[in-house]
Structures are given as C-alpha cells and as structure tokens.
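Me: I am new to this structure and would like a close look at a single residue in it, followed by an account of the parts of the fold around and beyond it. Please take your time and link each step to the one before.

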Amino acid sequence: MAGQTEQLLNAILADIDCGQLNPGDVLDEAGLAARHGVSRTPVREVFIQLEATGLIRRLPRKGAVLFKPTLEEFLAILEVHARLEGQAAGLAARRLSPAQGEALEAAVAACEVHAATKGDGDPNGYYQLNLKFHETVALGAGNAFLVEMIKTNARKLMAYYRARYRYPGSIAQSAREHRQIATLIFAHDRTGAEAAMVSHVQFDQVTVMDLLAALG
C-alpha cells in the first residue's frame, strides 16, 4: 500500500510539473483510482499529503482541487519562493561541483539555443528547459531540504511561470538572465548570484495580475 501511495503521489506531481494538471483542476478520487489501478485508500492518503503541503484544497461540492492562488496568495508565495531560489543560487556559487558545473553550463546553453532558434515559439518546450536550469542550480546548493522547499513552492506557481513564456520576448530575456546567473555562480560571487536569481524569479504585481487573469 505504501508503494502504491508513493507511486500515485509521484504521478500526480509529474502531471503538475508537465502541465497536465493546472490551478483549479478537480482531482477526481474515483478517476485517479481507476487510471492508476489502485483502490481509493492510496488516493485518499495522497490527498492528505498534498493538502498538508498546500498543493490541493478541499472545497464544498467540488472535493479536492489543485491550489489556485488569489493575488495576495500569489504575491506572498512568490516573495518566499524568490528568496529560496536566490539562496540556492548563492549556495551554488560556493558549493557547485565540477560535474554540476558542466550540467549547469549545458542547461544554460540549451536555453540559449532554444531562444536563438525558436524565438517565441514552443513556450512549453522552453519551460521544460527552464525547469532543468532551476533544478540544476538548486541541486548545486547541496541542501536537500532547500531543494524540497523550492519544489513545493514552485509547483504552486508552475502554471503561471509556464504562461509567462507566451509573452513576446520573455524567452530571450529568460535565457539571457540564466547566462548572467550562471556566470556569477561560476565566478563564486555568492551575493551577486543570489540577487540575480531573486530578480529573475520575481514578477511585478501588474504581471501577476495578467497571469492570474490569463489562467482564469
């Protein structure tokens, strides 16, 4: 049963990461049980875990619904998330191993190639490259607890970051900022890397309102 619960949890998180599940989507207990070939017990256990991390909410007459932030909630989560990502970049500037450095360079280069060859096209494809960049930086921090905190917060905002890349010029800007952050990390500039990452992750309030409106 524990194995089924873990597998189901990982499957739901993967659906969030790839955009199969979006803010406000209803997680149907019976449908999930049938889709994954499990009883309803693992589904309920997963719902408890997801609710504890704030990724779902139980709503009257709807059941389990994927977290959809209000403007105030979005800004509050973003404030914390930007600081966590910044901290990871700062720590990576101190702790990045040679192998992680190669992985970071590859992640940055992939974003640059996408921006140069596809421009504003394929924003979903770019978003996956963006996730790889942020994951590589976070792992370079060498702090597993920090990585998990970043993942949990990021999943509450992923759909909105993904939508951001539909805006003209945003992919090219993101790729440039990734290069800037990586350069500071490679230079072991902890303060600079942290500040650059915070700025990269943050949105202004007008942009947040646009994203919230775009996703209904």
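Reply: Gln180 is a residue of helix H8, and everything said about it here is read from a predicted model. With a relative accessible area of 44%, Gln180 counts as partly exposed, because that class lies between the limits of 20% for buried and 50% for exposed. Along the chain, Gln180 and His200 are 20 residues apart, while in space their C-alpha atoms are separated by 9.9 Å.

Helix H8, which holds Gln180, leads on to the loop between H8 and H9, where His188 is found. The backbone of His188 has a positive phi of about 60°, although the residue is not a glycine. His188 is classed as exposed, because its relative accessible area of 59% is over the limit of 50%. A related case is Asp122, in the loop between helix H5 (98–118) and H6, where phi is near 55°, again a positive value in a residue other than glycine. Asp122, however, is partly exposed, with a relative accessible area of 36%.

The helices on either side of these loops lead to the open spaces of the model. The largest pocket has a volume of about 630 Å³, and of the 30 residues that line it, Glu85, Tyr127, Asn130, His134 and Tyr161 are the closest to its centre. The elements that give two or more residues to this lining are helix H4 (71–95), helix H6 (123–140), helix H7 (144–164), helix H8 (170–186) and helix H9 (190–201). Among the contributors, H7 has the largest share, with 8 residues. By class, the lining of the largest pocket is made up of 11 nonpolar, 10 polar and 9 charged residues.

H7 also takes part in the second largest pocket, whose volume is about 170 Å³. The residues lining this second pocket include Leu9, Leu13, Gln49, Leu50, Glu148, Lys151 and Arg155. Two or more of its lining residues come from each of helix H1 (2–18), helix H3 (40–52) and H7, and the largest share, 4 residues, is again that of H7. This lining divides into 4 nonpolar, 3 polar and 3 charged residues.

Arg155, named among the residues lining the second pocket, also belongs to the lining of a closed space. There is 1 cavity of 30 Å³ or more, and the largest cavity holds about 70 Å³ of space. It is lined by 13 residues, of which Ile16, Pro23, Leu66, Arg155 and Lys156 lie nearest its centre. Here too H7 gives the most to the lining, with 6 residues. By class, 9 of the residues lining the cavity are nonpolar, 1 is polar and 3 are charged.

From these spaces one can turn to the packed interior. In soluble globular proteins, nonpolar side chains tend to be buried together. In this model the largest nonpolar core has 57 residues, and within it Ile12, Leu27 and Leu50 touch the most other members. The largest share of this core, 7 residues, comes from H4. Apart from it lies another core, of 8 residues, which includes Leu84, Leu91, Leu146 and Val147. Leaving aside neighbours within four places in sequence, Ile12 is in contact with Leu21, Leu27, Leu32, Val46 and Leu50.

The last part to look at is the sheet, where Leu66, already met beside the cavity, is the bridge partner of Ile56. Strand E2 (residues 56–59) and strand E3 (residues 63–66) pair in the antiparallel sense over 4 bridges, and in that pairing Leu59 stands opposite Gly63 in E3. The hairpin of E2 and E3 has 3 residues between the strands, and in it Arg61 takes a positive phi near 70°. Taken as a whole, this is an open sheet of 3 strands in the order E1-E3-E2, with antiparallel pairing. Strand E1 (26–27) and E2 stand at the edges, each with a single partner strand, so one side of each is left without a neighbour in the sheet.

Key:
Residues numbered from 1 in each chain as written. Predicted model: local features only at pLDDT ≥ 70, side-chain atom pairs only at ≥ 80, totals over all residues. Heavy atoms only, no water. 1 Å grid on protein atoms, 1.4 Å probe; cavity = no way out; pocket = protein on both sides within 12 Å on 5 of 7 lines; lining within 4 Å. Points joined across faces, edges and corners; volume = space filled by probe spheres on them. Nonpolar A, V, L, I, M, F, W, Y, C, P; charged D, E, K, R; others polar. Core = buried A, V, L, I, M, F, W, Y, C linked by side-chain atoms within 4.5 Å. Buried < 20%, exposed > 50% of the residue type's maximum accessible area, 1.4 Å probe, protein only. Contact = heavy atoms within 4.5 Å. Pairing = 2+ DSSP bridges.
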